Every structure is written in C-alpha cells, then in structure tokens.
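Here is a short report for a first look. It covers a pair of helices and then the ligand.

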Amino acid sequence: MTTTDNTTHRDGYVPFPPTEADAYRSAGYWTGRAIGDLLRDTARQHPLRTALLDGAVARSYAELDSDADRMAHGLLALGIAPGDRVVVQLPNVPEFATVLFGLLRAGIIPVLTLPAHRRAEIEHLAQLSGAVAYLIADRLGDFDYRDLAATVRQSVPAVRHVLVLGAPGTHTDLNSIPRDGDSLPKIDPSDVALMLVSGGTTGLPKLIARTHDDYVYNATASAEVCGLTEEDVYLAALPAAHNFPLACPGILGTVGVGGAMAFLTDPSPENAFAMIQRHRVTVTAVVPPLAQLWCAATEWEDADLGSLRLLQVGGARLAEVNARDVEPALGVKLQQVFGMAEGLLNYTRLDDPADIVCTTQGRPLSPADEVRVVDAEGNDVAPGAEGELLTKGPYTIRGYYRAPEHNSRAFTPDGYYRSGDLVRRLPTGHLIVSGRIKDVINRGGENISCDELEEHLLAYPAVRHAAAVGLPDASLGEKVCAVLVVDNAMPTLAEIKAFLSGRGLATYKLPDVLRQAEALPLTAVGKIDKKVLRAEG
Ligand code: OOB
C-alpha cells in the first residue's frame, strides 16, 4: 500500500479496539449520530432560527441544511466518492459551514488545513491523505490560493479537482457545479468523518482522523460544559479548521444546540470588537497572544462588549498574570482550555473559583477520559508531581493516520497517547501544564523549563510577550536566550537578571542573551513559534 492509494481511507486508520468501542457506546458517550445529523436535527426543530449571522449571507438553519445537502449532491456529481479525501483550505467565511457539512453529508472526508499553510504543508497533506480534490478560496489578503493550487496539482497528480470559492481563475468554480441529486449515502457513525492536522512542533504535520461518533461527543459534551444554548452567538475568531473553534464547542457545538455563528477572517481587536458588538456575540475562543492583545486593546477601542459571557483561552499556556487580566479588562468570564487535535480536552468549569480558573488549564471533559502522569520510565508519579501526560478515552485517537512507525512511539502498547506535555495534577483533577518534554533548555547539563522562565519574564513590568529558547553554545551545549517584546524601553540583560534573581530564580536559569523583537513569530493558529525563533538564533 502506498500513501497515495485512493481506494479506501480505512487503510492506515487506527480504529478504537472493539471492546472499548462497545463500552463507549453502552455508556452513552457514542450515540450513533453522524456530524451531519447535528445540523439536520436542529434544522428540523428550529428551521427559522438564524444559523449564520454574517451580513449579506445570513442563513437560517433550514437554509444552511438545504445548502449543505445541495453541496453534498454537487460534490458527488463531480465524481468525488464517499470515503475520498478533499483538502480544504478556507478562511473564516460563512461558506466554511456549508462546505464542511456538504462534505460530511456526502461521506467525503475533509482534510482541514489552515489558511496559513503553504506549499510544503499542503503538498505533504494532499499526498499523505491521498486527496482527490483541493478546495480553496480564491485569495486572502495578498495571497492567491489559485497559484498554490496550480503547483499542488502538478506535484500531486492524484488531486483531480481544484474547487474555488470566489473567482476560479483556471480552476473550477465551486458555485457553478450542479447541485441536484436524489440520495445521499448512509453514514456509518463509526467511520472517519474528517481529518485534523496535528499542531506538532517538530517535523511535518500529521493527520488525525476523527470519527462521527467521537467528534459528535467531543462537540456536544463541550457545549454542555460551556452551558451553550440556542441563545448563544459563537464567534469563530481562530481559524475554523482548528479543533478549538471547530468543536470545543465551537461551530459544531453551536449547531448542535441551535445557536448562531459568526465568522471572522481577521481577529484584530478592531475587527473582532466590531463583530462582537454588531452580532451580540456571547462566546468565542482565542489563543493566549490574542487574548493579551484584546485585553490591551480595551484601552483604545471603545466597542460595547457587554454581550460576551465567556472567553475561552487555550492552545498554549496562558500565564497567570495574563489570566488575571481577562475579567477586569474585557468584563467577561475566562475559561482555560487545554486541548489537542488528538482528542483530550480539559476545561476550567464555569463554577470553578477564580484561583483555579487563573492558575490551572482545566480538568478533563469526560468521566471516561483516562489520564496518567508518568515519569521518564513510564511509571506514575506521586500525586501532584510533574510528569508527562498520557491519555486515552472516547474521543482520543489510537494512532495517527498512515503513520505506523511514528505511532509505535507516540502511543503506548495499551493505547495511551503520549502527549509530550508536562503537567501536574491537583487533587481536584485540574491540570497545570508546566511545559513540553522537549521545550527544555539544556544548559551545561542543567535543565531549564522554558515555560517557567517565560512566566517570570512576563512579570517584568514593560514585558508584553516573552519567549525563552536554547541557542547552540560551544562550551555549554545550549545557552539561554530570552526574546522580549516590550512596551517601553528595553531592559538591559543586567536589569533582567537582577529582576529574576529577586524573584528567587536559580542562577543557571538566568538568560545569557537578551533579544528584543517587534513581535514574536506565530504558528498557523497563532501560537508562539519556537522553531522560527531558534532558527533566527
Ligand atoms: C490545541 O490543539 P493543537 O493540536 O493545536 O495543540 C495541542 C498542544 C497540546 O499538546 C499542548 O502542548 C498545547 O498545544 N496546548 C496547551 C494548552 N492548550 C494546548 N498548552 C498549555 N496550555 C493550554 N491551555 O491547541 C487545542 C485543541 C482544542 C482546544 C484547545 C486547544
């Protein structure tokens, strides 16, 4: 079997073991609903309720439901078959929902890439998934996806169709394909529904195949934890193809309860605040750098954010100082979310005390989530001690798609995913993320946790963003480099060292080098990109 084999997506998919799958079903975690049923059921019960709130294309649930069916018929009529994979790369536009539900209803598997992905990632993901089509928007800002698509078609010949939302250029206009048909395939809820892209910090991204059963549970259980109802208006501010805004509870959770959704292509404070005010947005999700920017922007933007009831922050560690800022600055309840595309989600609960919300990254979503905290030998650490988080459960994958060799390292023989995240578990079950196994600087044999150092650097008054990275050093192996984005004058290395020593930090953890940056480089979803920082030296 080659990675471009197109006949079936099941080759290379690692299923849940049958006995565990049965247990998830009989305990009621898996309900046998397809993701498309979330929309169908809401459209039947509340056809006239608003689903999409974006200006000219505002759609009711009945309209979105029929748009999705028509999209499904159109894609099948093109010759794309159930089980085929389609690489989807769309900005946050309302049509994202139509395309997603259209593909899901047709049983075609979307490979959900982010707008910031470029040739290296898209070629790799198209090849690895064995995609037959690539679905894009014409352009976003100065970037023309049609040019990228022309290159991808050349290098990955299995990609037969390029479908464009907007002006198609030399490709096919998505809106011109005929949309009629009489039947849609029956969906097996234990089948793969969609593929997410891993947010991994090393190497090329991996594919994470999620089933209807597991992802419906992911979205509906998340909606419950967030108290989401039909009164809510969810704003997709992070790229909609990312697990967090897609299903935690995000777009799918909102559809499940019959709330309204709005999509934001550019989450700058100016745009986001205008959207929140205009559509009376109640819930949204951001990454920590964006949360910080929004908090700071309340000083110069005067939009009315009174409708917002919950700001979810996750994707990377939110420093306590920044967590404490959220409620006073934005007048909104904070929820920390520690999640991963591979599955496990941790949420602080709406009734958790403020200290828990500001100092922990939440506790597991499901009573069936199994979490272990282990040492380097794989043994459970003492309660409260730091170790690597291992997990399995009803919505956590048992292996990456088409990656047997990597899977033998990334999963334990009994099916736990090795997250690579270092955590401590409180008696309440809340987890504190203390770093990544690999995000450690080895300075002359002493290990320094970057997270810990960053937390201290952020406490320095003028420091807005901070990142610690190890740089090669002839005598130490690695030396400690602190990169700072500051509001006012840049502190000197001596000042920073004195400040950190004053906070009681060990001498070997003090930075050897200080760099000033205008901004920190960010990944496709907006997390600080350490790979780039290290490469910049
Ligand atoms: C989310 O998913 P991914 O797949 O982009 O990234 C997962 C990794 C985690 O393994 C962890 O290293 C880090 O991102 N992470 C956090 C965090 N949330 C994620 N690290 C510290 N604190 C947090 N709150 O990032 C994701 C998926 C669903 C919901 C939320 C985030």
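## How helix angles are read

Axes are lines fitted to C-alpha atoms, for helices over the stretch in contact. Angles run from 0 to 180 degrees between N-to-C directions. The model shown here is predicted.

## Two crossing helices

Start with helix α11, residues 288–297, and helix α12, residues 320–330. Their axes come within 9 Å. They cross at roughly 40 degrees. Angles under 35 degrees would count as roughly parallel, and 65 to 115 as roughly perpendicular. At roughly 40 degrees, α11 is therefore oblique to α12. The crossing of the two helices, α11 and α12, is left-handed.

## Contacts with the ligand

Now turn to the ligand. It is surrounded by 20 residues. The closest are H242, V337, A341, D421 and K527.

Two of these side chains, D421 and K527, place an N or O atom by a ligand oxygen. For D421 the distance is 2.5 Å. For K527 it is 2.8 Å. R317 uses its backbone instead: an N or O atom there lies 3.4 Å from a ligand nitrogen. On its own, the ligand has 590 Å² of accessible area, and the protein covers 93% of it.

## The shell around the ligand

Which elements give two or more residues to the shell? They are α8 (243–247), β16 (333–340) and β22 (431–436). Strand β16 gives the most, with four residues.

By class, the shell has nine nonpolar residues, seven polar ones and four charged ones.

Notes. Residues numbered from 1 in each chain as written. Predicted model: local features only at pLDDT ≥ 70, side-chain atom pairs only at ≥ 80, totals over all residues. Heavy atoms only, no water. Near = heavy atom within 4 Å. Polar contact = N/O pair within 3.5 Å; in protein donor to acceptor, adjacent residues only side chain to side chain. Areas by Shrake-Rupley, 256 points an atom, 1.4 Å probe, with all protein chains shown as cover. Nonpolar A, V, L, I, M, F, W, Y, C, P; charged D, E, K, R; others polar. Parallel < 35°, antiparallel > 145°, perpendicular 65-115°, else oblique. Left-handed = near helix turned anticlockwise from the far one by under 90°.
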